[in-house]
Amino acid sequence: MKTYLKLILLAMPLMLVSCNKWLDVQPQSQVRDTDLFSTESGFKEALAGVYSSLTYEPLYGREMTLGLMGVLGYEWDSQSTAYDVDKIYQYQSNQISLNRIDAIWNGLYNSIANNNKLLDAIDAQKGVFSGDNYAIIKGEALALRAFIHFDLLRTFGASYEENPQKIAIPYYKKSGKEIAPQLKVDEVINLALADLNDAAELLKTDPILIGKTVTSIDDNGYLMNRQVHLNYYAVKGLLARIYLYKKDYVKALENANVVINANKFPWVLSNNINSDLTFSTEHLFALNVVRVQTIYENSFTSIGSPNIFSLTETTKKEYYESTDYRYLSWYGFDNSANHIFIKYMQSTVANTLVAYKNKLPLLKLAEMYFIAAEALKGTNITAAAAMINEVRLHRGLPATPIDAANFDATLQHEFRKEVIGEGQLFFFHKRKNTTSIPRSAGLNIVTLKGYKLPIPLSEFSNSPGRVDNR
Amino acid sequence: MNSKLNLNLKTTFKGMKKYARILLLVNVWRTLNSNNCAYYFTVVLMSFAIQSVNAQSVNQTKIDVDFKNIPLKQALDQVQKKTTFNLIFSEEMVAAYKVSLTAKGISVDQVLKSLLTKTDLYHVINGNKIIISKKAKQTISSTSIPMTNVGGANSTVKRIRGKVLTPNDEPLVGVNIKSPEIAEAGFQTNANGEYSLTLPEQAKSLVFTFIGYTTKEVKIASSTEINVTLEREDKNLESVVVTGLFTRKAESFTGAASTFTQEQLRSVGNQNIIQSLKMLDPSFIQIENIAAGSDPNMLPDLQIRGGNSLPGLKGEYTGNPNMPLFILDGFETNLQKIYDLDMNRVASVTILKDAAAKAIYGSRAANGVVVVETKRPEMGKLRLSYTGDLNVTTPDLSSYSLTNASEKLQAELDAGRHSSPFNYSDQILNEQYNRIYTDVARGVDTYWLSQPVHTGVGQKHTLSLEGGDQYLRYGADFTYNNISGAMKESGRKTMSGNVFLSYRLNNFLFRNTITVTGNHAFDSPYGSYSAYSRLNPYWAPYEENGQIKKVLGTFTPIGAPTITFFNPLYDATLGTKNFSKYTDITNNFITEWSITKALKVIGRLGYTQKINTREDFYPANHTRYANFAEADFFKRGDYSITDGRDESIKTDITLNYSKMWGKHLFYFNGGWNLYETGTETHGFQAQGFLNDRVDNVNFAKQYLENGRPTGSDAKTRETGLLSALNYSYDERYLADLTFRRQGSSVFGSDNRWGDFWSAGIGWNVHKENFFEAKEWLGQLKLRASTGYTGSQNFNPYQAMATYNYYTDTYYDNIAGAKLMGLANDNLKWQQTQDYNFGVDVQLFTRLNLRIDYYISTTESLLTDLPLPGSVGFSSIKENLGEVRNNGLDAVISYRAFNDAETQSFLNVFVNLGTNKNKLIKISDALNSLNAEREATDRATSTKPFTRYQEGQSTTAIWAVPSKGIDPITGSEIFMKSNGDLTYLWDANDQVAVGESTPKLRGSFGFNAQYKGWGLNCGFSYKLGGQYYNQTLVDRVENVDIAYNIDSRAFRGTWKQAGDEVFFKRIIATPTRTNPSSRFVQDFNELQFTSLNLSYDFRDTKFLKNSGLGRLRTTFFTNDIARIASVKAERGLEFPFARSYSFSLQATF
C-alpha cells in the first residue's frame, strides 16, 4: 500500500508540469493571437485586417480622403454643416469636429497596433511561410507602419517646412501597453524612412518587381493584386513622397524615377476612362474598399443629401479644360440634374473588370511625375516641365509652356486636378506651408495653426509628458 | 413491454434469495452505464412499486407449510418463495438444523418462531426483510464483564440484555451504555447491536449514547430485556462542518461557518434553499430586486458579507461579480442549479464565510461559499418517502396606490390637459374630455393592476426511495415542481430524477450519483407589469360584446399627431412565446479508499452537461409592430432563438489523515484537483410572420434584416494543490492552516498561479479545568482567523489578446482579422484578505450565541486602466482599486421551554447582521467611468446612479443636496459643492446623500413544538438605510399625464407664490427631476416573512394502523405582510407575491 502512496505522491508533480500548457485555453468564438499566428494564412488575415481597418469612413473611407481632408484642402464648394468649424480651421470649437479628429488618431493608431502585433510575431514564425511570403508580408507590414505614421505626422505634426524639430507624434514599433515617446517631426520621418527602406529590401522578391506572373492557382492568387498592397513600387513611391516632404530632392527624384522608369503602371487609355474611373492601372497603391459604392452614394448622391460633397459647375470649369479625361469621366449629373462627383461610382456594367472595382487610390503614378518635377525644378526646369506635361499628355491635354515663373502655379493646378477626392491636396499645401489655400477666402491657415490638427485630450490625460503639437 | 418487465422482476424477487435486490441494482447499474436513463428509471420505479404493493404486515401473510425433517435452509427458502419477504441469513448458520412443521394458514411470524424454537437462532422482522441471527447470549458472554466489584458484596445483581436499533431497525454498533447511578464503568453494544449487562441493584436506569443519535435514558424497573431505538439526531449536523471537500468537527474548527439542516431550511419556507437561507443567516443577503418582484424565472442576486467587487462595470464580469461559489456534493455548480434544487433532497447547507473556512477554494472563494450536501440513503429495508406541496401564489399589489377613473380624469383636468386658451383648440380638447367623461360616467373604471395577475396554483411532488445494507446502498428520487407565478401564465416547471448507488468492498467505497433535470421556464405573455400600471383606469379592456380591444384610446394633443394607446391584454391573446428550457445531466462518481483507519484517499469525478435554449416570438399582430410603415409590412413578427451548451468536468483526489498522539489531535487533508468548464451559445433572429396562426420559426419570411447569427464561447480551466491541517490540543487549543496553490486559465499568462492560504486559532474556554465543572457554561469558544482568497468571476478571455474577423468587409479576397484588445499577461484574481473574530457561547444549555466580526479587504479590483489612444486601444484590464467590508453577524437562540416527555419546546431566535462597505482606493479609470455613465444616464433616466469615489460606499445614493422648493418660484433650490444655492442642477454637485445598505438587518422569530404540533414564525427587518423614492419622482412629481398616476400626484405641488410644499411646480410639459436629496427617505422595514404550522402524526394510532412510517403535514405562508417607512411602488416588471402552501410528507 505504501508503494501506491508513493506512486501517487510521485505522480502529482508530474501532473503539474503539463498544467501550464493545459491552462492555456484556446477560445472558440475568437482566435487567440498565438493561434492566429501559427499559420501563414493567419498572417495574411492579420495583414488584410490592417488594410481593412483603414477602409472605414472615419479613416480613408471618408475623412482621410474626400471628407475632412477634402474640406481642409478646399476641394469642395459645399459639404455638410458638420464641417463648418473645420472649414475655418477652428477644430477645437466644436465637439463633433474633435470627435472626428480623435477617431482619426485613435483609428490610425489602432491599425498600427494591429500591424505591430503582426510584426512582433512574424520573425518567430518564419518557418510557417511558403515561397517568398514571409519577406513580402513583413515588407508590406513595415511599409504600412511607415505609411500610417507618415499620414499621422502629416495630419497632426508640424510640417517639415514649418519646423522639423517640433515635437509631433509618437512612433510605435511594438504592440502593447507601453506608451511610446512623442517624437520630433524629423525623428518620425527618419523612422518612417528606415521602415520603408527595410520594406524595400524585403520586397525585392515582390512579383510586381521581378515580373513573375501570378495566377489564381498560385496560393489562391495571394500575390495577384499587388496594387492593393504596399508593393515594392508603392514603397518607392512613398519614399519619394516622404523625401519630398523632407525636401531631400535628390532622394525624392531617385525614388520617383524608380517608379517612372519601371513602366509597370501604364497610363489610362482614352477608351477606358468611362469604365475605369480611378484609372486603376496607374495606382501604385489603392485600398481595396468593398463598400466604396456605399461610400460614394452617401458622400455624393441624393442618398446622402443634403450632407454631400459637391463642386459647382463654375469650379469644375475653373479646374478643367473640356478635353480633360478627368473632366469627361469624373463628373456627372444626378436625376435632378445636379452636378455630382462620380469618380468613386462603381460601374454596374456586367463585364467591368474586377481590377477597376472597389478601389480607393492613395498613391498614384501621376504623383511620381509631380514629385520628379518638383525635385528637378531647382536644377533642370525643362525636365521638370516635361514631367508635368507628360501627365497632361496622358490626360488628353496638350503640353503647356512651363517656366520658373509659372512652375509653382502650374504644378498646384495640375496636382489638384489629379488628386481631387483623394485628400492629398491639403497635404500638398501643408508640405509647402502655404499661408492660404486657394478658394479658402484668404484664411491664414498658418496663423490659425490649421495645418496641425489637435491631438486628442485623452492622449494628454492618459500619458504623462505629452506636449502640445500645435 | 412493461408487463413483461414487471413479470420478470416479480420472478426475480420471489425466486432469488437474499441478494435479489442487489442483483437487480447491479443490473440497473449496467443499464445506467449504457446511458439508457429512461429504462433505468422505469426499472427502479417498478421495483419500488412491487415492493410497496406486496409489503404486507408479517402477521397478515398467512401461508401453508408442510416440512418433514428437511434442512432448515430448504424450509426457509420455501417460506421465502411463498411470501414477498426477504429472508436474510447465512447458510453456514442454518446448516446444522433440520426441521419439521406442518400447518395451514398461519402467519410467517409464527412459522419462523416454530422453525427456530429448537435452534440458537431467532428472527427479527424489519419491514419487508426478515433477518435471522444467532441468539445474543452466546455472542455477548465473552464481551460482557459481570460487574462483580460494583455495589459491594451484599448487592443483588440484575442481568439486563437487549438490542439497540436505529429507527430503520438496523443494529447500532458501539453504542455507549452507562448507568448514571454507577460512575465507574460503561459498556458498548456488539457488532449486532446487542448488549448484556450485569448491574448492581442501585442501578435505576440506563443511558444510551451514540454519536449522531439522540441520547436516550431508560428506567430499568423490573425488566430484564431492554430494547432501545435511538433517533437520528439531525442537529448533529451542526457539530460537523462540511466544507465540500472534507468534514471537520465543529468543536475543533476555527473558521466562521454556519450549517443548516433540511429541517431548519423547511422551518422558514418550502420554496427553495435560497429563500430559506436568507432568513436563517444574517450574512447571506439577497439583493432585493424591486423591478423583478417575485418573478419565478429571475435568479436572485446574492451576496455573503457585502460586495467585494464593483458592480456595473463594463464587461469585466460574467454575471454578478459578488455571487458566492456554490458547491453541490463536493462539485462546483451554479446558482441556477441550487435555485432549482428540490429542498427535500438536501441534507444540509453550510455557508463558509471567513478565510479559514473558504480558503480551500482559493481563487474562487472570496465571495463566500455555499456548500450543499444532498441526502444519502440510509441502510435498511426499502423505504419510500413522498412529499407533496400545493403552492398558492397571490399577487401583492399593496405598494401601488393609483388613481381610479374619475380621480384620473379630474387630475387631467387639473393639469390642464383638456383646456387651451385658444377657442378652436379648447373645443377639440373638450370634445376629447367629453368622450372620456362619458366612459367614466357609464362606469368604466378598470383596475388594470389586477388584469395580468392571478392566483397561481402550483404543485410539487417528490418521491424517493432508499435502502440497502452495509455493502450496497441505493436511493432514487423523482421531483416534479410546477411553480405558477403571480403573472398569468408565467411559471417554471422542473422535473428531476436522481439515482444514488454506493457499494462497499473491503476498504473501498464507490458512490455514484446521476441526476437528470429538465426545466421549462416560461414568461408571461402579458409582458411587463409596468405596462399595466401605466394604463388609464377610464379605458375598458373589452368591447361591449366582450371582444378584446386592440386600441384602448387615442389622444390628439394640439399641434401634434394623435397618440394611440394599445392594449397589452390584446398582445397576450396572440400566442407570443417567451420561454427558456434546459436539460441538465450530472454524474458524480466518488471512490474512497480507506488505507488504514487513519488514512483515507478519496477520488472524485464529476461531469455535467446542460443544454439550454431560449425562444422569443412576437406575431405580426403584436402592438409593437402597429406603427410599422407600410414598406415594412412583411417585417412584422420576430422570432429569436438562442441555444447553448454548458459542460463541465471536475476531478480531484483528496487524502485524509487523522492521528492522535496523547492529547494532540491532527486532521490533515491534501489534495489535487482539475476543473474545466465551458459554455457556448449560438442564436439567430428571423422576421416576417405573415399570419398569427403559426408560431413556428420555419414560417418566417426571412432572417432579420441586416442580422447576423450570434455566438459566444467561454472556457475556463483550473488546477490546484491543496493542504489543510486542523490541530487541537486536548480539545482546548485549536488551530487550522490551509494552503492552496492554484492555476487558472483566466489569469494572465505571467500570473497563472496563485497562492491562497488561511490560518485560524481557537480556544475552547469551557474545556479548561476552571470551567469544566460549571454547569451553566455549555460552551465558550473564541475564534480568530485570517487568510487570503481570490475572486475571478470575470470574462475568461480578457487577459488574452484575441482576434475577431471583419464580417462586413474583406480585403483582396481575404477576411481580415482584427485584434480585440491588448493582452495583459499580468492580470490576476481580485485578492481578498479576511479577518474574522468569533465567539460561540452556550449558557444554561438554553441560550446559544454566535457572534462574528469581520474585516474583509479586497485589493487589485479589476477595472479598466485608460490608455492614450496612440497605444491603439483606449483601455486595458488591470488590477486596481481596493474595497473594504466590515461588519458583524450574530445569531442568538434561546430555548425558552423544553419538555422531553412530550417532546415540546419553544425556541426564540434573533439574527442580526451589519455591513459597512467602503471604497479605499480607485483608479482614475473609475472617475472617467463616472462621467461617462453620467453622460449617458442623465439623458434617459431620473434615477440616481452610484458614483465610485474613494471613501464612499459602493452602494451609496448620489444626488445633489436639495434645500426644498422655493416658495417664491416653485423651483427646487440646490446646494452647490461650495455651499452656494442655485436653481440649476449640476452633476458635479452630487454628493453621497444616503446609503442604500441598511445599518442593521436580520430576522427574528420562534419555533415551537408541542407533541406533534409545530409552529414556526419568522420576521425579517432592515433598519437605518436610505431609499430613493423613485415613485415620488416618476409618478407624482414628473407624471406623464397621458398615463395613470399615483394618487398622491398633485397634492403638495407648488401652485402659487408662498406655497411651502414638497413638490415643485408642475407645468404642462413636465421637466425632468434629476437626482435630488429631496427624495432620499429613511428606510426601515419589517416583513412578516414566514409562518408555518405543522403536525406530525408520530405516536398516533392513525399512523400505527396505517402502516406508514412517518406522516407530517405542514401549512406554509411566506411574505405575508410588510411595513416600511417608505411608500414606494415595488414589483415594477413583475409583481411581488405572497405564497401559501400545504405540504404533506409521508414515509412508507
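What share of the 470 residues of chain A count as buried? The figure is 59%, where buried means under 20% relative accessible area with a 1.4 Å probe, protein chains only.

Before going on, I should say that this is a predicted model, in which local features need pLDDT of at least 70 and side-chain atom pairs count only at pLDDT 80 or more, while totals for chains, interfaces and linings use all residues. Residues are numbered from 1 along each chain as its sequence is written, chains are lettered from A and ligands numbered from 1 in the order in which they are written, and side-chain values use heavy atoms, with hydrogens and water left out.

Staying with chain A, its radius of gyration, taken over C-alpha atoms, is 25 Å, which agrees with the value near 23 Å for a compact globule of 470 residues, the rule being 2.2 Å times the number of residues to the power 0.38. The C-alpha trace spans about 105 × 50 × 50 Å along its principal axes. Among contacts (heavy atoms within 4.5 Å) between residues of chain A at least 6 apart in sequence, 67% join residues at least 24 apart.

Chain A contains 20 helices and seven strands, these being DSSP runs numbered from the N terminus, with helices H or I of at least four residues and strands E of at least two. The accessible surface of chain A, by the Shrake-Rupley method with a 1.4 Å probe, comes to about 18100 Å², of which 55% belongs to carbon and sulfur atoms.

Definitions and conventions:
Buried < 20%, exposed > 50% of the residue type's maximum accessible area, 1.4 Å probe, protein only.
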